[in-house]
Amino acid sequence: MRFWWIPGMAALMLLMMMWVWYSPDLGALQAWAEHTAGRPSTMLAVILVMAVTLMIGLPGSIGLWLIAPFHHPLVAVPMLILGSTVGALGAYGLAARFERRLRPGKLTRRMMRLMQRRGDLLTQGALRVLPGFPHSVINYAAGLVRLPLGPFLVAAILGLGAKWAVYASAIHGALEAVDSGKGLSLDVALPLALLTLLLLLGAWVRRRIEARNGVD
């Protein structure tokens, strides 16, 4: 299968994170991280880091790995939604403000054409849910074509909320399984399976958009 490596890379990242997190040599670092993660100042700082990274076009996974391993999904998901939505709004504003100075890449130009044809709430929300699709492309394309801000924000909140819920549940469940030594139960395996499916679907959609209108 063309996209077989995508869930494999996601699984490898998760395994590496669990190895680092539960390494006996890093016990002091783990204890310090768990102690500071719940502080309001720390929570605000990581939300801000996530917002800034998304605003300048970096992957949202940076914020994910700063938040999801340290908080229950009921806390992590609202933090992730807030950080990513503020970042999306910032990227939208930058694209709209500096439209004449930006030189969008091929994927962004194709996304702009897609949004000009179908920039509705449902399409935006569906693209947001797919983990394999870069959100910076959606954010900048929406700003460049000046999509209505209201539907843009609603789609970001709903789509990103659904995606972050799957991510946070998968990470939390995997860490709990390692910590308890009980192995993978259904409530742990289901988010991981759903995450793999979304990764494959997101990569497929990206390839379809990249292949469409091959001549720019």
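Here's a quick tour of how the helices in this chain are laid out and how some of them pack together. Keep in mind that the model is predicted. The protein chain has 10 helices and zero strands, so reading from the N terminus you meet one α element after another: α-α-α-α-α-α-α-α-α-α. Of its 216 residues, 44% count as buried. If you look at contacts between residues at least 6 apart in sequence, 80% of them join residues at least 24 apart.

**Two helices checked with a ruler**

- Helix H3 covers residues 40–55, which is 16 residues. At 1.5 Å a residue H3 should span 22 Å, and its end C-alpha atoms are indeed 22 Å apart, so the two values agree.
- The buried residues in H3 are Val46, Ile47, Met50, Ala51, Thr53 and Leu54.
- For a bit of background, an α-helix has 3.6 residues a turn, so residues three or four places apart point the same way.
- Just past the end of H3 sits Gly57, with a positive phi of about 95 degrees.
- Helix H6 takes up residues 106–117, and its 12 residues should span 16 Å at 1.5 Å a residue. The end C-alpha atoms of H6 are 17 Å apart, which agrees.
- In H6, the buried set is Leu107, Thr108, Arg110, Met111, Met112, Leu114 and Met115. Notice that Arg110 is in that list.

**H8 and its partner H5**

- Helix H5 (residues 73–97) packs against H8 at an angle of about 40 degrees, and their axes are 7 Å apart.
- Why call this pair oblique? The angle is about 40 degrees, and angles under 35 degrees would count as roughly parallel while 65 to 115 would be roughly perpendicular, so H5 and H8 are oblique to each other.
- The H5 and H8 crossing is right-handed.
- On the H5 side, the contact is made by Ala88, Ala91, Tyr92, Leu94, Ala95 and Ala96, while H8 brings Asn139, Tyr140, Ala142, Gly143 and Leu144.
- Sorted by class, this contact of H5 with H8 has nine nonpolar residues, two polar ones and no charged ones.

**H8 and its partner H6**

- H6 and H8 pack at an angle of about 55 degrees, with 9 Å between their axes.
- That angle makes H6 oblique to H8.
- Which way do they cross, left-handed or right-handed? The crossing of H6 and H8 is right-handed.
- From H6, Leu107, Thr108, Met111, Met112 and Met115 meet Val137, Ile138, Ala141, Ala142 and Leu144 of H8.
- The contact of H6 with H8 splits into nine nonpolar, one polar and no charged residues.

**A few residues to click on**

- Thr85 lies in helix H5. Its relative accessibility is 11%, under the 20% cut-off, so Thr85 counts as buried.
- What does Thr85 touch, leaving out residues up to four places away in sequence? Its contacts are Leu153, Ala156, Ile157 and Leu160.
- Leu130 belongs to the loop between helix H7 (121–129) and helix H8 (135–144). Although Leu130 is in a loop, its relative accessible area is 7%, so it is buried.
- The C-alpha atoms of Leu130 and Gly159 are separated by 8.5 Å, with the two residues 29 apart along the chain.
- Arg146 is in the loop between H8 and helix H9 (149–180).
- Most residues other than glycine have a negative phi. Arg146 is not a glycine, yet its phi is positive, at about 55 degrees.

Definitions and conventions:
Residues numbered from 1 in each chain as written. Predicted model: local features only at pLDDT ≥ 70, side-chain atom pairs only at ≥ 80, totals over all residues. Heavy atoms only, no water. Helix = DSSP H or I, 4+ residues; strand = E, 2+ residues; numbered from the N terminus. Buried < 20%, exposed > 50% of the residue type's maximum accessible area, 1.4 Å probe, protein only. Expected span 1.5 Å × (residues − 1). Axes fitted to C-alpha atoms, helices over the stretch in contact; angles between N-to-C directions. Parallel < 35°, antiparallel > 145°, perpendicular 65-115°, else oblique. Left-handed = near helix turned anticlockwise from the far one by under 90°. Contact = heavy atoms within 4.5 Å. Nonpolar A, V, L, I, M, F, W, Y, C, P; charged D, E, K, R; others polar.
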